[in-house]
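Colleague: Could you take a close look at the aromatic pairs in this model and then place them among the helices and strands around them? A connected account would serve me better than a list.

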Amino acid sequence: MTCLLVLDASSTLCSVALLANNQNWHITEEQPRRHAQRLLPMVDDIVRQAGIRKTAIQGIAYGCGPGSFTGIRIAASVMQGIALALNIPVAGISSLQAVAQAVFNSSDAQQVMAIMDAHMGEVFWGCYQREGATCRLVGTEKVGAPEQCLQEVQDFTGVLAGDGLALPALAHLEQRWAAVKPQADVMLPLAQQAWDNQQFADPQQHQPVYLRESVAWKKLAEQPSLLRRD
């Protein structure tokens, strides 16, 4: 039986989820500025809830972005530390895909455009198509001004979701799913799918995703890691 740990800090939420013994556990907290303080204790808590040892974990997945720069860096560092300590493979799960997956889980929608606030006057967005129990990306994930996203929205016939909808330029659009944010429990089936498809690998093969080229970003190996072991 597969035992997978998933963690996410790509938004104001801080969340962890665990699949073990064919059961799921998850913890989600609203922690806009305390991801670094809370993520590891939450991992410890969920392992205790499941009644397993950390050494039983076979793979770890994390919300690799796009999203909060700081939050994703924290999640990547924790992922890296646990993976190195346990010598297990990892996978990155798109934050936009997690937003879309949440809508597919709660509706009969066939297509979802996930739109997240990228700050600096921009949004991240991507279109997803339902595919069985999960979903797949159609085209590419993008970043740009809300007005650019709005141009694609005008030709889109599916459901819109994500906190980017609350921005003034998009506030006139349907807001039913505007509160949806990435969460680790929603990422679990995506992680399971990646595991089944043998997409887990070395941490260096699952780097954070930012989309925004204008922001300088060092690869994980080039920056201080919370848990890096030299």
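Modeller: In this predicted model, the count of aromatic pairs comes to 2. In one of them, the rings of phenylalanine 69 and tyrosine 210 have their centres 4.6 Å apart, and because their planes stand at 85°, above the 60 degrees that the class requires, the pair is edge-to-face. Phenylalanine 69 lies in helix α2 whereas tyrosine 210 lies in the segment after α5, so this pair ties together parts that are 141 residues apart in sequence. The two partners can also be described by accessibility: phenylalanine 69, at 25% relative accessibility, counts as partly exposed, while tyrosine 210, with a relative accessible area of 7%, is buried.

In the other pair, the rings of tryptophan 195 and phenylalanine 200 have their centres 5.1 Å apart and their planes at 80°, so this pair is edge-to-face as well. Tryptophan 195 counts as partly exposed at 24% relative accessibility, and phenylalanine 200 counts as buried at 11%.

Turning to the helix that runs up to this second pair, α5 covers residues 184-196 and reaches 18 Å from its first C-alpha to its last, close to the 18 Å expected for its 13 residues. A bend of about 25° is nevertheless found in α5 at leucine 190, and leucine 190 is itself among the buried residues of this helix, together with Ala184, Val186, Met187, Leu188, Ala191 and Ala194. In general, residues three or four places apart in an α-helix point the same way, because there are 3.6 residues a turn. After α5 comes glutamine 198, whose phi is positive, near 60°.

As for the helix that carries the first pair, α2 (residues 69-86) lies across β1, β4 and β5, and runs at about 165° to β4. Helix α3 (residues 95-106) lies across β1, β4 and β5 too, running at about 65° to β5. These strands belong to an open sheet of 5 strands with mixed pairing, in the order β3-β2-β1-β4-β5. Since β3 (23-30) and β5 (90-94) stand at the edges with a single partner strand each, one side of each is left without a neighbour in the sheet. Neighbouring strands of the sheet are turned by 15° against each other on average, direction ignored. Within it, β1 (residues 4-8) pairs with β2 (residues 13-20) in the antiparallel sense over 5 bridges, and leucine 4 stands opposite leucine 19 in β2.

Note on methods:
Residues are numbered from 1 along each chain as its sequence is written. This is a predicted model: local features need pLDDT of at least 70, side-chain atom pairs count only at pLDDT 80 or more; totals for chains, interfaces and linings use all residues. Side-chain values use heavy atoms; hydrogens and water are left out. Two strands pair if DSSP finds at least two bridges between them. Helices (H or I, at least four residues) and strands (E, at least two) are DSSP runs, numbered from the N terminus. Axes are lines fitted to C-alpha atoms, for helices over the stretch in contact, and angles run from 0 to 180 degrees between N-to-C directions. Contact means heavy atoms within 4.5 Å. The expected span of a helix is 1.5 Å times one less than its number of residues. The bend at a residue is the angle between axes fitted to the seven residues ending there and the seven starting there. Buried means under 20% relative accessible area, exposed over 50%, partly exposed in between (1.4 Å probe, protein chains only). Rings of Phe, Tyr and Trp (its six-membered ring) pair if their centres lie within 6.5 Å; planes under 30 degrees apart count as stacked, over 60 as edge-to-face and the rest as tilted.
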